[in-house]
Each structure stands twice: as structure tokens, then as C-alpha cells.
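Trainee: Could we look at this model together? I would like to practise reading pockets and surfaces.

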Amino acid sequence: VDQKRVVVDGPEGITGVCRHMMPVRRLSLTDFKCSLARGAREKSLKTALEKEEVMKRWSETAWAKKVAAKAARANMTDFDRFKVMQAKRKRSAEVKKALKKPSK
């Protein structure tokens, strides 16, 4: 739009980001890019994303995996959190048992 704002488009069906204006200082850039004309519509953006497999390459990055793990933790139920706690306790006990050596 100008030097401090840009138009960001997901498209919403693929990325969950609807088309909106956003300040440049709030953006986090990646190494992925698509070759598009200025002011491209959603349909051409979808075809470019699919052709260049941008979403596939994004899902393989550590950043995307961290975001997915955070979302999974946020969607956990109380019972899921309990199971994780029990697994951590069991793992910790196994590690302590393996590290503890007979004192002779």
C-alpha cells in the first residue's frame, strides 16, 4: 500500500489468513516466495502456491513444527495433560534409574 503497510493474503482456505493490510514492522519474512504479478487475485495466488509447493516446504521447517506443537498443546484436554504428566514422570524415573550406578 505504501512504505509502511502492505496487503497480506493467505489465501484463507489454505493458510487461514484473510486478505488485509498489515504494517511492515509486524511481518516476519521467510525465504519462500512465489512469482506473482502486483495486485494478484486469490485464484492466481492459490495456483502459484500449489505449483511451487510453498506450503509443503513451509510445513517441513522447524518454525512450522513449533507452531503446530504449540497449537496441539493449546488444544489438549485435561486428561491429555494428565497423560503427558504421567509419561514425563515415568521417563524421569527411568533416566534416574539408568544413571544411578551401584556404589562399589
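What follows is a short exchange about a pocket, a surface patch and two residues in this predicted model.

Trainee: What volume does the largest pocket have?

Mentor: Happy to start there! Rolling a probe the size of a water molecule over the atoms shows where empty space is left. For the largest pocket, that volume is about 1,500 Å³.

Trainee: Which residues that line the largest pocket are the closest to its centre?

Mentor: The lining holds 33 residues. Elements giving two or more of them include strand 1 (5–8), helix 1 (12–15) and helix 2 (42–51). The closest to the centre are V7, V8, D9, G10 and L27.

Trainee: How many residues of that lining are nonpolar?

Mentor: Let's split the lining by residue class. There are 6 polar and 6 charged residues. The nonpolar ones number 21.

Trainee: Is V7 buried, partly exposed or exposed?

Mentor: V7 sits in strand 1, and together with V1 and M21 it makes a nonpolar surface patch of about 280 Å². Its relative accessibility is 45%. Partly exposed covers the range between 20% and 50%, so V7 counts as partly exposed.

Trainee: And is E50 buried or exposed?

Mentor: Good one to set beside V7! E50 lies in helix 2. The cut-off for exposed is over 50%, and because E50 has 57% relative accessibility, it counts as exposed.

Trainee: How many Å apart in space are E50 and I14?

Mentor: Along the sequence, E50 and I14 are 36 residues apart. In space, C-alpha to C-alpha, their separation is 9.9 Å.

Key:
Residues are numbered from 1 along each chain as its sequence is written. This is a predicted model: local features need pLDDT of at least 70, side-chain atom pairs count only at pLDDT 80 or more; totals for chains, interfaces and linings use all residues. Side-chain values use heavy atoms; hydrogens and water are left out. On a 1 Å grid over the protein atoms alone, a cavity is a set of points where a 1.4 Å probe fits but cannot get out, and a pocket is an open set with protein on both sides within 12 Å along at least five of seven lines; lining residues have an atom within 4 Å of a point. Grid points are joined across faces, edges and corners, and a volume is the space filled by probe spheres set on the points. Helices (H or I, at least four residues) and strands (E, at least two) are DSSP runs, numbered from the N terminus. Ala, Val, Leu, Ile, Met, Phe, Trp, Tyr, Cys and Pro count as nonpolar, Asp, Glu, Lys and Arg as charged, and the others, Gly among them, as polar. Patches are made of residues with over 30% relative accessible area and no salt bridge: like charges are joined within 9 Å, nonpolar side chains (Val, Leu, Ile, Met, Phe, Trp, Tyr) within 5 Å. Accessible areas come from the Shrake-Rupley method with a 1.4 Å probe; for residues, only the protein chains shown count as cover. A salt bridge is a side-chain nitrogen of Lys or Arg within 4 Å of a carboxyl oxygen of Asp or Glu. Buried means under 20% relative accessible area, exposed over 50%, partly exposed in between (1.4 Å probe, protein chains only).
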